[in-house]
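Please find below a short note on the model under review. It is arranged as numbered points.

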Amino acid sequence: MRIELSVNGEPCEADVWEGESLLYALRERLGLPGSKNACEQGECGSCSVLLDGKLVCACLVLAAQAEGHEIVTVEGLAEDGRLHKVQEAFVAAGAVQCGFCTPGLVVATADLLARNVYPSDDDIREALSGNLCRCTGYAKIFDAVRMAAASL
Amino acid sequence: MELLRPSSPEEATGALGNGSRALAGGTELVPLIRDGLVKADTLVEIRDVVPRGVTGTRIGAGTTLAELELDGEIPQALREACAQAASPQLRSMGTIGGNLLQATRCWYWRLGFDCWLHGGETCFARDGAQREHAVFGNDKCASAHPSDIAAALLALGATLRTTRREFAVAELYRLPTDDDRNVTTLAPDELILEIELTTPDASTYLKAMDRRKWSFPIVGVAAARFGGETRIALAGVAPIPWLLDSVAILDEATPLPGTGYKVEIARALVRRAIEAI
Ligand SMILES: Cc1cc2nc3c(=O)[nH]c(=O)nc-3n(C[C@H](O)[C@H](O)[C@H](O)COP(=O)(O)OP(=O)(O)OC[C@H]3O[C@@H](n4cnc5c(N)ncnc54)[C@H](O)[C@@H]3O)c2cc1C
Ligand code: SF4
Ligand code: FES
Ligand code: FES
C-alpha cells in the first residue's frame, strides 16, 4: 500500500507492506537510518521517534498507522546545519560509546526538555526509563541531559 | 495482509473474526505478528471507531495509558497502575483496551515453544525457567498475567461495555482449560468500547518489579475501599488477574519451587496497600 506522511517537516510517500513497522519504512524506504533497530520489542527505545509530538517506539508502530501523521526522527532535530543542543551536549559530555542507543536517547531527551526545562534527576530517570544503554552506565548520559537543560 | 479502516463499530465487528485482528495502538500486536505468534490476514484499525478519552466515570477503550496517568479525576489505583506500566514510549501508544487483552510474557510462549498454552502437551515453565511465573491457578499453565491495569480495574469492580454486552471486568478473564486455552471470554469479533468505573472512597496500586521503572509486575497489588469493604486484586500471580477474596487466601497459594518468594512479596504489599487506604 502507498502511504503519505510528514517526516521531519517534509511531506513523503512510501510503498509499504501492511504489516511493516514505521521503523522499517524510515530506515529502508525513506533513507533515514538514524533511528536504530535493536530489539524490535519495545524494550530498548533505540528506535524512539516523535509521532504527532509524542514519543513512541517506531518498531511497534505500523508504517500504515503513521499515514497522515507527523514524524520527527533524530535526523530532524538539527536546524540550519547546526546540531540540536541535546546533540551538542551528548558530544560534549562524552555520553556516547558504541552509539547505538544515542539517537533514541537524544530524541527522548529533546522530548523531555521540550516539556520540562528544569528536570529533576527523577524526571530524567522517568523520561529516559524506556531507553536502555549497554555501554555507558548512564552517568554521562545524565551529565549530558543536565548540560543540555542548562544550555536551553 | 490487508489493512482496513472501518468508520463504525458495526463495520469493524463485521470485518473481525476469520483470521482478522483488531489493531489499536499496536504495541502488543505488531511484534506478535512480526514474530509469527499471531497470524492475521487482515488488520482492522479501530482507532476511529472505539471511544477515546474520559467522560465522568466512563473511559473509552482507545484512551492511552499516557492520557490516563495524567488524569486527576480517575481513581488513584488506576492512575498509578498506568503510570507504573511499561515505558513512556509504550504508554503514549498503548491503549487501555489493548492492555487488558495483552498476551502472557512467558518466554516459552513468546519464543514460540509448543507449550500447553500454545496447544501442546507440556508447560515447560514447570520444570524450567519460572522465576516470573504464577502462584495461583497454575496447574495447567503457570504464566503470570502482566497487566497492572487489569488488576486495578478488578479491585475497582469496573464493568466493560463491548459491542455485544456489559459485564464485570472479572468476567473478561477465565483460567484456560484443556478444551479451551483462551484466557479471555471476548469473542473474536467483539470489541471493548468503554470501561465504566466505580468511585471508591480510596484506592492504591503498589508494584514490585525488577527495577524501579519500566518492568512488568513481579507482583502488583491493587486495593480499593468502598465504605467498610476493601477489594484487593493482584497482577503477576496467576494466568489471569487475580481477585483476592480475603488476605487469608494467600496461605492457599500453590507456588512453583521458583516462585514462592512472590507469595511473601504479595503478603507485604497487600498489608501496605490496606494500610495506605
Ligand atoms: C516492552 C513492553 C513492556 C510493557 N510493560 C507493561 C507493564 O509493566 N504493565 C502493563 O500493564 N503492561 C505493560 N505492557 C503492555 C502494554 O501496556 C500494552 O502493550 C498496550 O497497552 C497494548 O495496547 P495497544 O493499544 O498497543 O494494543 P494492540 O497491540 O493494538 O492490541 C493488543 C490486543 O488487544 C486487541 N484489542 C485492542 N484494543 C481492543 C478493543 N478495544 N477491543 C477488542 N480488542 C482489542 C488486539 O486485537 C490485540 O489482540 C508492556 C508492553 C511492552 C511491549
Ligand atoms: S507457563 Fe503457560 S505459557 Fe509458559 S510454558 Fe507454561 S503453558 Fe506455556
Ligand atoms: S528497537 Fe524499538 S524498542 Fe528496541
Ligand atoms: S553507548 Fe552503547 S548502548 Fe549506549
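The points below concern chain B of this predicted model, and they take up its domains and then part of its strand pairing.

1. Domain division. The domain assignment splits chain B into domain 1, covering 1-49, and domain 2, covering 50-276. Taken over C-alpha atoms, the centres of domain 1 of chain B and domain 2 of chain B are 23 Å apart.

2. Contact between the domains. Domain 1 of chain B contributes 17 residues to the contact, and domain 2 of chain B contributes 18 residues. On the domain 1 side, the element that gives the most is helix 1 of chain B (residues 9-15), with 3 residues. The composition of that side of domain 1 of chain B is 9 nonpolar, 6 polar and 2 charged residues.

3. The hairpin. Strand 6 of chain B (residues 159-162) and strand 7 of chain B (residues 166-168) run antiparallel and are joined by 3 bridges. The connection from strand 6 of chain B to strand 7 of chain B is a hairpin through 3 residues.

4. The second partner of strand 6. Strand 6 of chain B is also paired with strand 8 of chain B (residues 192-196); these strands run antiparallel, with 4 bridges between them.

5. A residue with partners in both neighbouring strands. Which residues stand across from Thr159(B) in strand 7 and strand 8 of chain B? In strand 7 of chain B, Thr159(B) has Ala168(B) as its bridge partner. In strand 8 of chain B, the residue opposite Thr159(B) is Glu196(B). As a general point for reading such pairings, side chains in a regular strand alternate between the two faces of the sheet.

Technical notes:
Residues numbered from 1 in each chain as written. Chains lettered and ligands numbered in written order. Predicted model: local features only at pLDDT ≥ 70, side-chain atom pairs only at ≥ 80, totals over all residues. Pairing = 2+ DSSP bridges. Helix = DSSP H or I, 4+ residues; strand = E, 2+ residues; numbered from the N terminus. Domains from an automatic or database assignment. Contact = placed C-beta atoms within 7 Å. Nonpolar A, V, L, I, M, F, W, Y, C, P; charged D, E, K, R; others polar.
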